[in-house]
Each structure stands twice: as C-alpha cells, then as structure tokens.
Amino acid sequence: MRLIIRNDAAEVGEYIGNYIAKRINTFKPTAEKPFVLGLPTGSSPIPTYKHLIGLVKAGKLSFKHVITFNMDEYVGLPEDHPESYHTFMFRELFSHIDIDPANVHILNGNAPDLIAECKAYEEAITKVGGIEFFLAGIGEDGHIAFNEPGSSLVSKTRIKTLAYDTILANARFFNNDISLVPRMALTVGVATVLAAREVAVVVTGQRKSLALSKAIEEGVNHLTTLSALQMHPWALIVADEDATAELHVKTVKYFKSIERVQEEVEETQARINGQVGGD
Ligand SMILES: N[C@@H]1[C@@H](O)[C@H](O)[C@@H](COP(=O)(O)O)O[C@@H]1O
C-alpha cells in the first residue's frame, strides 16, 4: 500500500483526479473494452470530481467508454431526493462530463426486492469483467462504503444497518435532524472493493485521522474496515496533512521518503526511455 500526502483537500483532489485520468488514458478504453470505475459519494471526493470535470472540459479526458458503479445508496430515500446518492452523483459529476447515463450504475435503494437488487449488482460487475479502479472515501470510524465496524471482510453487496455514529455524521446533510437520516443502506461489500484491480482512497480532514492511523498502523481488523486494504495488492491512500494528525511521525516520514524514491525511479526511467527513443 502507498500513502501519498498532500497539503490540503484541493491538492488531494488534483492528485487523484490526475491519477484517474492517467489510468483511463493509458487503458485506452473502447466500446468493446470499457474502463470500469467504482465511485464514492461524500464530501471527500468532491475536489477529485471537480478536477475530473475540468480535465473533461479541457479535452484531456473522456468518459465515453467508462462504466461506473457507485459504492452505496440509502434505502427508502426517493431517487430524486436532494441527498440521495443518485442526485449527488449527477450533481457533482455525471451531469458535467461526457458519460453515457446507460453506463452509470447506482444501487436502487427503493427496489421491491433489495436482496435481489444486491445480487444483480454483483452480477452486473462480473458481467463487465470486474472493476478496474475503485475510488473510495472513509467514514470517521474507518468504514469503507457503508461497511460499518464489524462488517465481514469478505462481504459482498448487501443491505446494511447504519452505525449510530454514521447517522450522526450524515445528519449534516439532513438539516442536522437525525430523525431524517435513513437507517439502512445498500452497499458494496469489503470483498467487492478488494476485488477491484486497483483501489484508491481519499482521506481528508482531521476528523478522519484516527481512522487512518488504525487502518494503516494497526492490523487488519473488522472494526476499521478500511484496514482490509492491507490485503490488496495495488492500493493507494491519498491524504491531506490534517488527516495525518494521529499518525506517528515515523509513518509520515516513511511514506514521504517512499514517494521521493518513487519519483527518482520514474525520472530515471523517463531519462532511459528518452535515450532509448533517441538512438
Ligand atoms: N457511505 C459514505 C462513505 O462512502 C463515505 O466515504 C463517507 C464519508 O463521507 P465524507 O467524505 O463526507 O466525510 O460517508 C458515507 O458514510
């Protein structure tokens, strides 16, 4: 796992936005070979979405052959409710980019059979060849998607009851009225995220710092479901300085030094490639 640290949330968004764009452009998606992207909601990915929109508007990126799967959706909230994850995704990203709405997948929290809806979602992911790149955020308790503390680390898409802390945290989106926050959600499982070829997580703000420390400085534990990322072969966390508040200085220094070495390796490689190309 790599940890990249940037000064603030805007720089984190720029870094991940550029990273995703590079991955999509290198993949060269076509109608026959689309790029499959997993996406989160929440305030954390907004700077990333802003940056991606800018890249699309500048003609540097296209979502024409990108298929998306969102992580989660509330149960029982009308799809056109201002706080539904459907509304969020179109408001913050999809309405501003060249994605085909038919390529957008978001769980239906109003489906008559919620269990069948979750099963069909997993099948839809399998049908397109699995997720290439899953972007995620985390809750203050270190949950990924809505995989609250105690979630099975081998879980797939299913119905989850929200933790009281999550209901409290999300009340800010519902006029600070806890009674308006849905109690249940449909969510991809920890194993659904881990099955993606690559996973990147945005962690910004001091209120996420304890969760970040538990997830990367302690062992894999179902009480901090983000920690399962330690078992992933290609995982990246991008955090801002505030989110590192609870990390050991040693941890921060270690990951910063790894980034410096990586940059040197890439520069050397680029120089070598340049020389080879010039011969
Ligand atoms: N289900 C979502 C998560 O996917 C998200 O990561 C989290 C953090 O939200 P924010 O980025 O607003 O802190 O909120 C909800 O719990």
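Which residue of strand 10 does R6 stand opposite? The points below take up this question and then turn to other parts of the structure, which is a predicted model.

1. The partner of R6 is D240, in strand 10. This pair belongs to a wider contact: strand 1 and strand 10, the latter made of residues 235-240, run parallel to each other and are joined over five bridges. In general, strands of a sheet pair through backbone hydrogen bonds, either parallel or antiparallel.

2. Strand 1 spans residues 2-6 and has two unlike faces: L3 and I5 lie on the covered face, whereas R2, I4 and R6 lie on the uncovered one. A general rule helps in reading this pattern: in a regular strand the side chains alternate between the two faces of the sheet.

3. Another sheet is built from three strands in the order 4-8-7; it is open, and its pairing is antiparallel. Strand 4 (72-74) and strand 7 (158-161) are the edge strands, each pairing on one side only. From one strand to the next, the twist averages 30 degrees.

4. Within that sheet, strand 4 pairs with strand 8 (residues 184-187) in the antiparallel sense, over three bridges. Here D72 stands opposite T187 of strand 8.

5. The ligand has 13 residues around it, and those that come nearest are G42, S43, S44, G137 and G139. Sorted by class, this shell contains five nonpolar, seven polar and one charged residues.

6. An unreviewed UniProt entry assigns residues 8-219 to the feature "domain: Glucosamine/galactosamine-6-phosphate isomerase". In the model, this span is 35% helix and 16% strand, and its end C-alpha atoms lie 27 Å apart.

How values were computed:
Residues are numbered from 1 along each chain as its sequence is written. This is a predicted model: local features need pLDDT of at least 70, side-chain atom pairs count only at pLDDT 80 or more; totals for chains, interfaces and linings use all residues. A residue is near a molecule or strand if its C-beta atom, placed from the backbone, lies within 6 Å of it. Ala, Val, Leu, Ile, Met, Phe, Trp, Tyr, Cys and Pro count as nonpolar, Asp, Glu, Lys and Arg as charged, and the others, Gly among them, as polar. UniProt positions are given in the numbering used here, feature names are shortened, and annotations may be inferred rather than shown by experiment. Helices (H or I, at least four residues) and strands (E, at least two) are DSSP runs, numbered from the N terminus. A residue is buried if 20 or more other C-beta atoms lie within 10 Å of its own, exposed if 12 or fewer, and partly exposed in between; C-beta atoms are placed from the backbone. Two strands pair if DSSP finds at least two bridges between them. Axes are lines fitted to C-alpha atoms, for helices over the stretch in contact, and angles run from 0 to 180 degrees between N-to-C directions.
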